[in-house]
Amino acid sequence: MKTMFALLLVVAALTVSAQTNSVHNWTLKSGAVVPGDYYTSGKLMVVIKSHGTNCLLKISDLSTNDWLYFQECKAAQQQRQRQHQLVDSEFQKDFTIAFDKFRGYYTIVNNKALEKKGLPFSIESFPTDLNSKPEHVTLHYSRAEYDWTLFPKTDFIMLFDGKKKAFDGLKVSGDVLSGYASDPDCLEQFDVDFTFDEFKQIAFAKSVEASAGIWDFIFDYQSRRDWQLFVNHFENLNAEK
């Protein structure tokens, strides 16, 4: 009985190992097999990563099945690169980036605030490195009307896909640079900070609602396009490393 139980454990372990091991085995015309993941390729060679090391294989040496697999990998990579280029192009168009040489960080602000849809919000971020995901993303509320609608300290609550993020006692200010609102005489503003992962969840959530003072807001999926673009831009950078 103990022997049988031990054999079952071995079989189970081998099964799990086979299921979790996604490394492709490249078969050459000579019959040799080289394990590794597709990385990139040129006209004559394909580069695979094998145990953390780059390995060069001649494309002409690949077996028929692996030549077809190589073509699929190459096409998929090219498609991802085209998508990344499109995201980068849209990001450059919709966001303004400036470097503060005195403080050593960048300021990223989206150019298309949501004011036209009755959503007086924009997003900002202040990373020290443009090639890595920022630690935090700021949601900036600014309103340029004639009447106060928020208390000097207000609560801001956001609901997204059954989750709740609440900010209590936010300080509401009337001092704002002209670039943050359609009217430089902004009456009230506040900021709330999210981690990058929290912001990603909100950007791609099926439903997002928020409440501040007397106001309730609904951010439909399309209105969060710039938020999604921001996330995709930095996710792409991380994927390319």
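## Helix H2

In the predicted model, helix H2 buries Asp 66, Phe 70, Cys 73, Gln 77, His 84, Val 87, Glu 90, Phe 91 and Asp 94. The list mixes residue kinds: Phe 70 and Val 87 are on it, and so are Asp 66 and Glu 90. An α-helix has 3.6 residues a turn, so residues three or four places apart point the same way.

H2 runs from residue 64 to residue 94 and has 31 residues. From its first C-alpha to its last, the helix reaches 45 Å. That is close to the 45 Å expected at 1.5 Å a residue.

## A salt-bridge network

The structure holds eight salt bridges. Some of them form a network that links Glu 90, Lys 93, Asp 94, Arg 225 and Asp 226. Two of these members, Glu 90 and Asp 94, are among the buried residues of H2.

One pair in the structure is Asp 226 with Arg 225, whose side chains meet at 3.1 Å, N to O. How accessible is Asp 226, buried or exposed? Asp 226 has a relative accessible area of 6%, so it counts as buried. Its partner Arg 225 is partly exposed, at 28%.

## Glu 235 and its two lysines

Glu 235 takes part in a salt bridge with Lys 133, at 3.4 Å from N to O. This pair links distant parts of the chain, 102 residues apart. Lys 133 lies in the loop between strand E7 (121–125) and strand E8 (136–143), while Glu 235 sits in helix H4 (residues 225–240).

Glu 235 also meets Lys 200 in a salt bridge, here at 2.7 Å, N to O. Again the pair joins distant parts of the chain: Glu 235 in helix H4 and Lys 200 in helix H3 (residues 196–203), 35 residues apart.

Where do these side chains stand on accessibility? Glu 235 has 22% relative accessibility, so it counts as partly exposed. Lys 133 is partly exposed too, at 33%. Lys 200 is partly exposed, with a relative accessible area of 32%.

## Glu 188 in strand E11

Glu 188 belongs to strand E11, which spans residues 188–195. Its relative accessible area is 0%, so Glu 188 is buried.

What does the side chain of Glu 188 lie beside? A polar atom of that side chain is 3.3 Å from the backbone nitrogen of Leu 150.

How values were computed: Residues numbered from 1 in each chain as written. Predicted model: local features only at pLDDT ≥ 70, side-chain atom pairs only at ≥ 80, totals over all residues. Heavy atoms only, no water. Helix = DSSP H or I, 4+ residues; strand = E, 2+ residues; numbered from the N terminus. Buried < 20%, exposed > 50% of the residue type's maximum accessible area, 1.4 Å probe, protein only. Polar contact = N/O pair within 3.5 Å; in protein donor to acceptor, adjacent residues only side chain to side chain. Expected span 1.5 Å × (residues − 1). Salt bridge = Lys/Arg side-chain N within 4 Å of Asp/Glu carboxyl O.
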